[in-house]
Amino acid sequence: MRNNTKKLIILAIIAVICILLYAFYDIKGGFDYAFPRRMMRVGAMVVTGFAIAYSTVVFQTITRNRILTPSIMGIDSMYEVVQTLIFFFAGSLSVWVVNQYLNFTASIIAMVVFALLLYRILFRADKYPIYLMLLIGMVLGTLLGSLVTFLQVLIDPIEFLSLQNRLFASFTNIKVELLYISFGILLIAFIYGYRIMSQLDVMSLGRENAINLGINYDRVVMNILVLSSVLIATSTALVGPITFFGLIVANLSYQFLVTYKHSIHILGAGLISVIALVGGQFVVEHIFEMKTTLSVIINFIGGIYFIYLLLKESRAAG
Amino acid sequence: MIEIKELTKRFGNKPVVNNVSVNIQPRAITSFIGPNGAGKSTLLSMVSRLLDADTGEVLLDESNVKKWKSDQFAKRVSILKQSNYLNVRLTVRELISFGRYPYSKGRLTDEDEQFVDQAIDYMNLGDMQDKFLDELSGGQKQRAFIAMVIAQDTDYILLDEPLNNLDMKHSVQIMKILRKLVDELGKTVVIVLHDINFASVYSDYIVALKNGSVVKSGPTNDIINPEALREIYDMNIPVQEQNGCRICVYFNSH
């Protein structure tokens, strides 16, 4: 226990160092110009980092599977669908693209409605096993993905380039008001999420043991699915799809911090996210000099780590 | 008092539990016995609200178990199923502490710690309480889970084949502990058993199921005799008396 506290403090210190480094390193020209912009990016990275860490850790608990992310439910695909439809029907100069609030709101609403429809109307956790829900979410995600590809083939090539920009995660050019809204959503989600933290600990014992210990299992599962969809939708609408990232930080936290307590893992995974995002963005800006994007690096490192996890799991199973 | 009234559960069209009505006697061990696929575990799952019944109802203190608030119910009835796969790393003591969740909601008080210590003593887990569960043998793990249920301190303890994976010594040890829970602490234990002789030696009442229906139920001595056993198992099973225990010698029967 004390050991974990120490580790969390170390993570927090590293995160702060990354943030300071990113904020002050090589700050040329107008400090007044560059500093607020950098802090804005840091803010966005902290918000998305925690949103993704939280939703991935809780999602993995209710599915009892450590190589899944909430993106399996097709929520990010829904984001791609919304953006593609906007570009296809309205074009890159339309109000739906230029007005970021409108775009942000439309994306969040579409993603959350999609998730709610999936959970609330089509399925009931007490009737079907959760894996059936995942499977159908996956199939729908693939279906939406194909639809997106189809529309993208038809779209004007120049339009497509600016659409593609939207579909990669990016921490540059974030509107400050959108950041505040996202932060608000995150805060509400965390206040609710904090109350169910100890229930989550019990749920990692499995459905039957959790019910035995007085957890209203099916209802908590439903609430968590909705909560993590809202968080994923917020972070995706803010910076673009990077949920794959959640898999890395959640598993790093499981390896680094030995405990069953969700409060510690969520904090740990959140701090690791901040370190990876802010540190990664620093590397992208100052070492690669913006010749690559953070999501490329994340997907590259994440992919290698994912293969490592698969190998490890298959060895443990065999 | 737990009353099971006309309970039916179908999987597809096949009734797994068919119109079962049984009363569980308080302060006693009741064993559910019967051949494979008789519906013993399904019945136990419905009593403990892990599974919804299609028709019929289970009453705890005269009110339907579905109407109980889940955290209140968890202070009265506990259930332990057969398979307990975990994908988190827990120590034995951490697992047992979860048994106090219905009372403490995750923040253990001194009283909770006392119950945990008692459960550890009861199950003889003192020297391995700080070991991780994945370092233990199947039998030790099983004892840790039973200790969790004991720490939960419910009037009713339901166990689904708790002797699975256990050797003779530990099986006897666990049955003796269950006996002690009933005799000393006044608990009510309902247990699904495969080994008829454990049922015969340790239980007060037996409910025998076959194809989803109750074929026989009553005090142990009414069930453990060749006539009743033939009806339940379709086997001729001689019963011998040994030190006051009725032992079924089924190994070479036909």
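At what angle do the axes of helix α12 (residues 244-256) and helix α13 (residues 262-286) of chain A cross? In this predicted model, the answer is roughly 120°, with the two axes coming within 8 Å. Angles that are neither roughly parallel, roughly antiparallel nor roughly perpendicular (65 to 115 degrees) count as oblique, so α12(A) and α13(A) are oblique to each other. The crossing is right-handed.

Here's who does the touching in that helix pair:

| Helix | Residues in the contact |
|---|---|
| α12(A) | A:Val249, A:Ala250, A:Leu252, A:Ser253, A:Tyr254, A:Phe256 |
| α13(A) | A:His265, A:Gly268, A:Ala269, A:Ile272, A:Ser273, A:Ala276 |

Now hop over to chain B. This chain splits into domain 1 (1-76 + 155-173 + 183-254) and domain 2 (84-153). Their C-alpha centres sit 25 Å apart. Where the two domains meet, nine residues of domain 1 of chain B are in contact with eight residues of domain 2 of chain B.

Next up is the largest nonpolar core, which has 158 residues. Within this core, B:Ile96 and B:Ala147 touch the most other members. Chain A joins in too: its helix α2 (residues 31-63) gives the most to the core, with 14 residues. Both domain 1 and domain 2 of chain B give residues to this core, so it lies between them.

Let's zoom in on B:Ile96. Skipping its neighbours within four places in sequence, B:Ile96 is in contact with B:Val116, B:Ala119, B:Ile120, B:Ala144, B:Met148 and B:Ala151. B:Ala147 is on that contact list as well, and B:Ala147 is the residue named alongside B:Ile96 as touching the most other core members.

Note on methods
Residues are numbered from 1 along each chain as its sequence is written. Chains are lettered from A and ligands numbered from 1 in the order in which they are written. This is a predicted model: local features need pLDDT of at least 70, side-chain atom pairs count only at pLDDT 80 or more; totals for chains, interfaces and linings use all residues. A nonpolar core is a set of buried Ala, Val, Leu, Ile, Met, Phe, Trp, Tyr and Cys residues joined through C-beta atoms within 7 Å. A residue is buried if 20 or more other C-beta atoms lie within 10 Å of its own, exposed if 12 or fewer, and partly exposed in between; C-beta atoms are placed from the backbone. Helices (H or I, at least four residues) and strands (E, at least two) are DSSP runs, numbered from the N terminus. Domain bounds come from an automatic or database domain assignment. Two residues are in contact if their C-beta atoms, placed from the backbone, lie within 7 Å. Axes are lines fitted to C-alpha atoms, for helices over the stretch in contact, and angles run from 0 to 180 degrees between N-to-C directions. Angles under 35 degrees count as roughly parallel, over 145 as roughly antiparallel, 65 to 115 as roughly perpendicular and the rest as oblique. A crossing is left-handed if the near helix is turned anticlockwise from the far one by less than a right angle, and right-handed if clockwise.
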